[in-house]
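Reader: Could you take me through the nonpolar residues of this protein, with the cut-offs behind each term? I would like a close look at the packed part, then the surface and the cysteines.

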Amino acid sequence: MSLQVLLESLEASWASVAIRESILFYPLVETTHVLTLCLFLGMTSAWDLRLAGCALRSVPVSQVVNRLFPWAIAGFVLMVISGGLLFLSGPVRASQNIFFQVKMVTIALAGINAFVFHRTVFRWVEEWDEADTIPRRARMAGICSLVLWSIVVICGRMQAYNWFD
């Protein structure tokens, strides 16, 4: 079965039709997606700005992480669920949209950035937690995260336009 056939059968499913044709459910899902995106990106941006040395400089990195990480995870989980439901409402059109494609690749890159950061430089956070200068690799991870998530937001917003349909 090809990907196109899978997407077409998904789009014809009762769940896809129900979301797409709902008067209330689709706007609620979309609103939830935007609000949880704000929650996730607000927490992540504060953390990334701390890593980049641009904000919260007097607060240890570990303290920023301990306070913001649970909120970021909650926002991320709800954002992924609501985003999945939005995708389900029109998988064929979404998958053919260049902005959706770039957004998905960028989300994957942001995930790789976070994974590498947590598996490498963050393991030794106790050593540089309260240092005046954050390690270069940590600063770069924060800056990369800010750039990647900015691209995700821009592409997500651009998906609404059908310039290339």
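Author: Gladly; here is the nonpolar core, with the overall layout before it and the surface and cysteines after it.

This is a predicted model, so local features need pLDDT of at least 70 and side-chain atom pairs count only at pLDDT 80 or more, while totals for chains, interfaces and linings use all residues. Residues are numbered from 1 along each chain as its sequence is written, and side-chain values use heavy atoms, with hydrogens and water left out.

Let's begin with the layout. The protein has 8 helices and 0 strands, where helices (H or I, at least four residues) and strands (E, at least two) are DSSP runs numbered from the N terminus. Along the sequence the pattern reads α-α-α-α-α-α-α-α. Taken along the principal axes, the C-alpha atoms fill a box of roughly 55 × 30 × 30 Å. Of the 165 residues, 35% count as buried; buried means under 20% relative accessible area, exposed means over 50%, and partly exposed lies in between (1.4 Å probe, protein chains only). Contact means heavy atoms within 4.5 Å. Among contacts between residues at least 6 apart in sequence, 76% join residues at least 24 apart.

Now to the part you asked about. A nonpolar core is a set of buried Ala, Val, Leu, Ile, Met, Phe, Trp, Tyr and Cys residues joined through side-chain atoms within 4.5 Å. The largest one here has 14 residues, and those with the most contacts inside it are Trp47, Leu51, Val61, Phe117, Phe122, Trp128 and Ala138. Two or more residues each are given to this core by helix 3 (25-52), helix 4 (61-89), helix 7 (125-128) and helix 8 (136-158). Helix 4 supplies the largest share, 4 residues. Val61 is a good place to look inside: leaving out residues up to four places away in sequence, Val61 touches Trp47, Arg50, Leu51, Phe122, Val125, Trp128, Asp129 and Ile134. A second, separate core of 9 residues includes Leu41, Leu148, Trp149 and Val152. As background, nonpolar side chains in soluble globular proteins tend to be buried together.

Some nonpolar side chains also reach the surface. The protein exposes about 10,100 Å², and carbon and sulfur atoms supply 68% of it; accessible areas come from the Shrake-Rupley method with a 1.4 Å probe, and for residues only the protein chains shown count as cover. Phe69, Ile73, Phe76, Val77, Leu78, Val80 and Ile81 make a nonpolar surface patch of about 570 Å². Patches are made of residues with over 30% relative accessible area and no salt bridge, with like charges joined within 9 Å and nonpolar side chains (Val, Leu, Ile, Met, Phe, Trp, Tyr) within 5 Å. A salt bridge is a side-chain nitrogen of Lys or Arg within 4 Å of a carboxyl oxygen of Asp or Glu.

Two patch members show this well. Leu78 is in helix 4 and is partly exposed, with a relative accessible area of 43%. Val77 is in helix 4 and counts as partly exposed at 43% relative accessibility. Val77 lies 40 residues from Leu37 in sequence, and their C-alpha atoms are 9.9 Å apart.

Helix 3 offers further examples. Phe25 is placed in helix 3 and is partly exposed, at 39% relative accessible area; beyond residues up to four places away in sequence, Phe25 touches Ile19 and Leu85. Gly42 lies in helix 3 and is partly exposed at 34%. The C-alpha atoms of Gly42 and Trp71 are separated by 9.4 Å, with their positions 29 residues apart along the chain. Leu49, found in helix 3, is partly exposed at 31% relative accessibility. Leaving aside neighbours within four places in sequence, Leu49 is in contact with Cys54, Ala55 and Leu146.

That brings us to the cysteines. A search of the whole structure finds 0 disulfides, a disulfide being a pair of cysteine sulfur atoms within 2.5 Å. The sulfur of Cys144 is too far for a bond because the closest cysteine sulfur, in Cys54, is 13 Å away. For Cys155 the closest cysteine sulfur is in Cys144, at 16 Å, again too far for a bond. Cys144 is partly exposed, at 33% relative accessibility, whereas Cys155 is buried, with a relative accessible area of 7%.
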